[in-house]
Amino acid sequence: MSFFFIQMSDPQIGLFAHAYKKYKNPRVIELLGKPPGDGFPETHLYQQAIDISNRLNPAFVVITGDLIQDPLNLDQYQEFTRISETLNEEIPMYLLPGNCDVGEQPTHNLIGLYRDRFGADNYSFDHQDVHFLGLNSATIFDPLLVPNEWENQKKFISMDLESAKNSKEIIAFMHHPLFGSSSDEEDGHFVLPRERRLFLLEQFEKYSVNTVFSGHWHRNNEASDGRLQVITTSAVGFPLGDDPSGLRIVHIKDGVISHKYFGFDQVPERIDIEKI
Ligand SMILES: [Fe+2]
């Protein structure tokens with residue numbers, strides 16, 4: 001068993017302009033050298049991520065949320081879709097929503113819009129002997145307006161992991177990290193609230209989910225709790241930390257998961273699966 005996939009997060013078409021117009025964020029000028037004008041600065045970044053994927057030919061690409069800044073902005077949606085469609089047809093692409101896609105406090109309307117556009121927001125799939133679980137963590141973060149969604153997620157997670165318990169490995173994807181330093185850390189904007197984090201931790205422990213790949217922070221982070229690794233991946237789009245815009249390459253070989261984040265100009269020319 002040996003393959004690799006690419007995790008991307010937060011292409012978030014429209015964030016540069018939003019950060020400049022709403023917050024006068026100085027990093028926008030720092031990174032772009034000028035104010036955002038016509039078009040989206042994210043176009044070039046997301047297209048690089050797709051071009052690199054086409055060159056490296058991974059088993060699949062997963063994007064862990066914040067696809068666009070504003071789900072009601074049709075230009076952002078169309079630009080995201082236009083670039084996504086340049087991914088080679090043979091490479092499966094798995095998408096998940098972030099808080100920008102379905103709301104800080106998700107609503108039935110925005111979840112419905114997301115599903116109409118992109119398909120299921122909670123799902124699983126298998127590649128070779130590895131099981132992958134994708135979750136809508138925006139709903140887990142705040143299910144106040146959509147309580148039935150969280151109830152359904154809990155049932156789905158338990159049933160799905162039970163059915164996958166004979167898999168060699170189980171890996172989860174979601175936008176929000178479960179935690180950033182320790183599994184019992186305080187609630188806050190950057191991690192899932194403890195109340196619902198605990199449910200996920202119990203399920204992940206019970207079924208030996210060993211790694212969760214997330215985004216949301218627009219910078220890289222790694223944390224662990226026992227066997228569980230929580231990996232936070234910086235942004236394809238606007239970076240908020242020291243890491244450049246980029247993507248993460250994840251190798252799985254004989255039960256060993258290794259991964260590395262690359263800025264777009266640091267990505268190797270090709271991946272030789274036999275040498276990984
Ligand atoms: Fe984001």
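**Figure 1. One cavity in the whole structure.** A search of the whole structure finds one cavity of 30 Å³ or more. This is a predicted model, and the same holds for each view below. The largest cavity has a volume of about 40 Å³. Its lining is made up of Ile68, Pro71, Asp101, Leu110, Leu113, Tyr114, Arg117 and Phe118. Helix α6 is the main contributor here, giving five residues to the lining of the largest cavity. If you would like to find α6 in the sequence, look at residues 108-118.

**Figure 2. The largest pocket and the helices that line it.** Let us turn from the cavity to a pocket. The largest pocket has a volume of about 220 Å³. Its lining counts 13 residues, and Leu45, Gln48, Pro244, Ser245 and Phe264 are the ones that lie nearest its centre. Two helices, α2 (26-32) and α3, each supply at least two residues of this lining. Of the elements that line the pocket, α3 gives the most, with four residues. Helix α3 spans residues 41-56, and you will meet it again in the core view.

**Figure 3. The iron ion and its four protein donors.** Which residues are the protein donors of the iron ion? They are Asp10 (OD), Gln12 (OE1), Asp66 (OD) and His218 (NE2), and they lie 2.1 to 2.2 Å from the iron ion. Along the chain, the donors follow the spacing D-x1-Q-x53-D-x151-H. One pair links distant parts of the chain: glutamine 12 sits in the loop between β1 and α1, aspartate 66 sits in the loop between β2 and α4, and the two are 54 residues apart. Why is the arrangement irregular? The four donor atoms subtend angles of 84 to 176° around the iron ion, and the arrangement is irregular because of these angles. For comparison, ideal angles are 109.5 degrees for four tetrahedral donors.

**Figure 4. A closer look at the donors Asp10, Gln12 and Asp66.** Aspartate 10 is found in the loop between β1 and α1, and glutamine 12 lies in the loop between β1 and α1 too. Most residues other than glycine have a negative phi. Aspartate 10, however, has a positive phi, near 50°, and glutamine 12 has a positive phi as well, near 40°. Are these donors buried or exposed? Aspartate 10 is buried, at a relative accessible area of 0%, and glutamine 12 is buried at 3%. Aspartate 66 counts as buried too, with 2% relative accessibility.

**Figure 5. The largest nonpolar core.** This core holds 38 residues, and those that touch the most other members are Met8, Tyr46, Leu56, Ile63, Phe80, Leu247 and Ile249. The elements that give two or more residues to this core are β1 (2-8), α1 (15-23), α3 (41-56), β2 (61-64), α4 (74-84), α6 (108-118) and β10 (246-253). The largest share of this core comes from α3, with six residues. To follow one member outward, try leucine 56: leaving aside its neighbours within four places in sequence, leucine 56 is in contact with Phe4, Ile6, Ile249, Val267, Pro268, Glu269, Arg270 and Ile271. There is also a second, separate core of 24 residues, which includes Leu133, Phe141, Leu201 and Tyr207.

**Figure 6. Threonine 139 in helix α7.** Here the view moves to helix α7 (residues 137-141), where threonine 139 is found. Threonine 139 is buried, with a relative accessible area of 0%. Which residues is threonine 139 in contact with, leaving aside its neighbours within four places in sequence? They are Pro106, Ile111, Val146, Glu149, Trp150 and Gln153.

**Figure 7. Aspartate 225 in strand β8.** Strand β8 covers residues 221-225 and includes aspartate 225. Aspartate 225 counts as partly exposed, at 34% relative accessibility. Not counting residues up to four places away in sequence, aspartate 225 touches Phe179, Ser183 and Leu201. One of these, Leu201, is also among the residues of the second core. As a guide to distance, the C-alpha atoms of aspartate 225 and methionine 8 are separated by 23 Å, and the two residues are 217 residues apart along the chain.

Terms used
Residues numbered from 1 in each chain as written. Predicted model: local features only at pLDDT ≥ 70, side-chain atom pairs only at ≥ 80, totals over all residues. Heavy atoms only, no water. Core = buried A, V, L, I, M, F, W, Y, C linked by side-chain atoms within 4.5 Å. Buried < 20%, exposed > 50% of the residue type's maximum accessible area, 1.4 Å probe, protein only. Contact = heavy atoms within 4.5 Å. Donors = N, O, S within 2.8 Å, 3.2 Å for Na, K, Ca; no water. Tetrahedral: all angles 85-135°; square planar, octahedral: opposite > 155°, others 65-115°. 1 Å grid on protein atoms, 1.4 Å probe; cavity = no way out; pocket = protein on both sides within 12 Å on 5 of 7 lines; lining within 4 Å. Points joined across faces, edges and corners; volume = space filled by probe spheres on them.
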